[in-house]
Amino acid sequence: MGLHYFAIALSIFLLLYHQLTTWLPLFPWNDVEKYSRKELFLEASINGLLMSVGVACLASGNSGFLHFYPLVYYPLLFVGECVDWWIPFFSPSFANARKIWDYESHFSRTLKLIPHRPGKRTPDANHTVLHILTIATIVVVYMERLG
């Protein structure tokens, strides 16, 4: 499989993983039961649309908008993931200043790959895998687009 098709396949896998783990209750992998249908719909539709545009750009061509969207979008997605999960993990003061959701009620019972301490916003296994997939997608997209 060429790098181009691998980039498309990886971006599709990232999209499908995100959508499945947003909609399907897979406790203890996720705890989507804590969210309202409106919250799930917004999460799935906004990220699904943005990720789908990335897939479409990779599949459609390599000029203009089609070339640059994946190069800009996937790193911005990862920045958002870091702001939500990794910066609060490494900086308790940042976590306290940025309380966008109730971590304890939404994620404290989910499976962790990193040891969890009560009161510390620790990325759960589901999001850790999502972030690894995002990093892999960034690397492959950059290799495909700039290589």
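1. The largest pocket holds about 720 Å³ of space in this predicted model. A pocket here is an open set of points on a 1 Å grid over the protein atoms alone, where a 1.4 Å probe fits, with protein on both sides within 12 Å along at least five of seven lines, and lining residues have an atom within 4 Å of a point. Grid points are joined across faces, edges and corners, and the volume is the space filled by probe spheres set on the points.

2. The lining of the largest pocket numbers 27 residues, and those nearest its centre are His18, Glu43, Asn47, Asp84 and His127. Two or more residues each come from helix H1 (3-23), helix H2 (37-60), helix H3 (65-90), helix H5 (103-107) and helix H6 (125-146), with H3 giving the largest share, six residues. Divided by class, this lining has 11 nonpolar, 10 polar and six charged residues, where Ala, Val, Leu, Ile, Met, Phe, Trp, Tyr, Cys and Pro count as nonpolar, Asp, Glu, Lys and Arg as charged, and the others, Gly among them, as polar.

3. For the second largest pocket the volume is about 150 Å³, and its lining includes Trp101, Asp102, Tyr103, Lys120 and Arg121. Helix H4 (92-97) and H5 each contribute at least two residues to this lining, which by class consists of three nonpolar, two polar and five charged residues.

4. The axes of H1 and H2 lie 9 Å apart and make an angle of about 175 degrees, the axes being lines fitted to C-alpha atoms over the stretch in contact, with angles running from 0 to 180 degrees between N-to-C directions. The two helices H1 and H2 are therefore roughly antiparallel to each other, a term that applies to angles over 145 degrees. Among the residues in this contact (heavy atoms within 4.5 Å) are His18 of H1, and Glu43 and Asn47 of H2. The contact of H1 with H2 has 13 nonpolar, eight polar and two charged residues.

5. A cis peptide bond, with omega near 15 degrees, runs from Phe27 to Pro28, and Pro28 is placed in the loop between H1 and H2.

6. Overall, the protein chain has six helices and zero strands, helices being DSSP runs (H or I) of at least four residues and strands (E) of at least two, numbered from the N terminus. Its radius of gyration, taken over C-alpha atoms, is 16 Å, which agrees with the value near 15 Å for a compact globule of 147 residues by the rule of 2.2 Å times the number of residues to the power 0.38. Along the principal axes, the C-alpha atoms fill a box of roughly 45 × 30 × 25 Å.

7. As to conventions, residues are numbered from 1 along each chain as its sequence is written, and side-chain values use heavy atoms, with hydrogens and water left out. Because the model is predicted, local features need pLDDT of at least 70 and side-chain atom pairs count only at pLDDT 80 or more, whereas totals for chains, interfaces and linings use all residues.

Conventions
Angles under 35 degrees count as roughly parallel, over 145 as roughly antiparallel, 65 to 115 as roughly perpendicular and the rest as oblique.
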